Amino acid sequence: MKLMLALPVRAGVALALFVVAAHAAAPAVKIGFLVKQPEEPWFQLEWKFADQAAKELGFTLVKIGATDGEKVLNAIDSLAAGGAQGLVICTPDTRLGPGINAKARAANLKLISVDDQFVGADGKPMTKVHHLGISASKIGGDVGQTLAAEMKRRGWTAADTAVCAVTLDELATAKERTDGAISALQAAGFPANRIFKAAQRTADIPGSFDATNVLLTQKPEVKHWLVCANNDNGVLGAVRALEGRGFTAETAVGVGINGTDCIVEFEKAKPTPFFGSMLLSAKSHGYETAKMLFTWIKDGKEPPLDSRTVGVLITRDNFRQVLKEQGIRD
Ligand code: FCA
């Protein structure tokens, strides 16, 4: 009897010791999260949600602002040396894709690209690298439809109105967004010859400000402007240029994308030409990508190769409520 009791007890102790040992031996999961423009509120929110995943799921997150190719390659080296097993990246240049992929593979790091899909040497998207991005054409289409609806609501005529599309065509997702907006405007009956592109030289507010100023100088006769761009900052730069020429919320309308970089604009006491934005899901892009990578590393569960997220229109009227619902604001 004594022996019978003793055996399970001993086995239990042994099992407990084994569990402790196994736990100690399991390598801690460490993940890098690299973004191309760490100063953009969009990327800060991605990081915030990735941090939340790290806390909830129990892994280490290393956030790195990788603003050029050299920084990306150095970051991958230091992640590998520091024992990381994977990285999520929004690359500063999608053409770095093949190099990043090769380096990550060589270092045995699992890889997910976010927002901006890698482009191969053939100029085509690298569809074998796991990616989570936005449904860019659809979201751009929603921007175009919103602009067309606002023009109609205000009773503007096509003869008095023109479209300023601030473009960043070297980035595929950006081109899909502005192309989507232009197609939707044309589908709504807007004449193609009143749609003008202003190419940004840099993907920030000054880049869009400069590009728009050139266009406004060329077209002084236009009474009303409709503005679309790659993202909120693209539209913000254009709005600042329009304001510099006396345009107001009554004479120009811009709709951005991200919904995160325009909050200060919406909070201004007086409306500006920045009418609305397609709010993207920073939580999916930050939390979900980090979680997908974590479960891939920990349980070997490979994420889907290509995931796409949607956007929802926010304006001065509803932004507080929607941001609260999405956990972006208290
Ligand atoms: C690109 C843009 C960002 C954001 C993201 C989803 O990287 O540059 O502003 O829109 O896609």
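**From a β-α-β unit to the ligand**

Begin by selecting strand E6, helix H6 (residues 172–187) and strand E7, which together make a right-handed β-α-β unit in this predicted model. Keep the two strands on display and hide the helix for a moment: E6, covering residues 161–167, and E7, covering residues 195–199, pair in the parallel sense over five bridges. To see one position in this pairing, pick Ala165, whose bridge partner in E7 is Lys197.

Next, select the ligand, which sits in the largest cavity. Which residues should be shown around the ligand? They are Lys36, Glu40, Trp42, Phe43, Cys90, Asp115, Asp116, Arg177, Asn230, Asn231, Asn258 and Leu280.

From that set, take three side chains in turn and look at their polar atoms. For Lys36, a polar side-chain atom lies 3.0 Å from an oxygen atom of the ligand; for Asp116, an N or O atom of the side chain is 2.7 Å from a ligand oxygen atom; and for Asn258, the corresponding distance from a side-chain N or O atom to an oxygen atom of the ligand is 2.5 Å. Finally, switch to a surface view: the ligand taken alone exposes 290 Å², and the protein buries 99% of that.

Key. Residues are numbered from 1 along each chain as its sequence is written. This is a predicted model: local features need pLDDT of at least 70, side-chain atom pairs count only at pLDDT 80 or more; totals for chains, interfaces and linings use all residues. Side-chain values use heavy atoms; hydrogens and water are left out. Two strands pair if DSSP finds at least two bridges between them. Helices (H or I, at least four residues) and strands (E, at least two) are DSSP runs, numbered from the N terminus. A crossover is right-handed if, with the strands pointing away from the viewer, the path from the first strand over the helix to the second runs clockwise. A residue is near a molecule or strand if one of its heavy atoms lies within 4 Å of it. A polar contact is a pair of N or O atoms within 3.5 Å; within protein, one must be able to donate a hydrogen and the other to accept it, and residues adjacent in sequence count only if both atoms are side-chain atoms. Accessible areas come from the Shrake-Rupley method with a 1.4 Å probe; for residues, only the protein chains shown count as cover. On a 1 Å grid over the protein atoms alone, a cavity is a set of points where a 1.4 Å probe fits but cannot get out, and a pocket is an open set with protein on both sides within 12 Å along at least five of seven lines; lining residues have an atom within 4 Å of a point. A molecule sits in a cavity or pocket if more than half of its atoms lie within 2 Å of its grid points.
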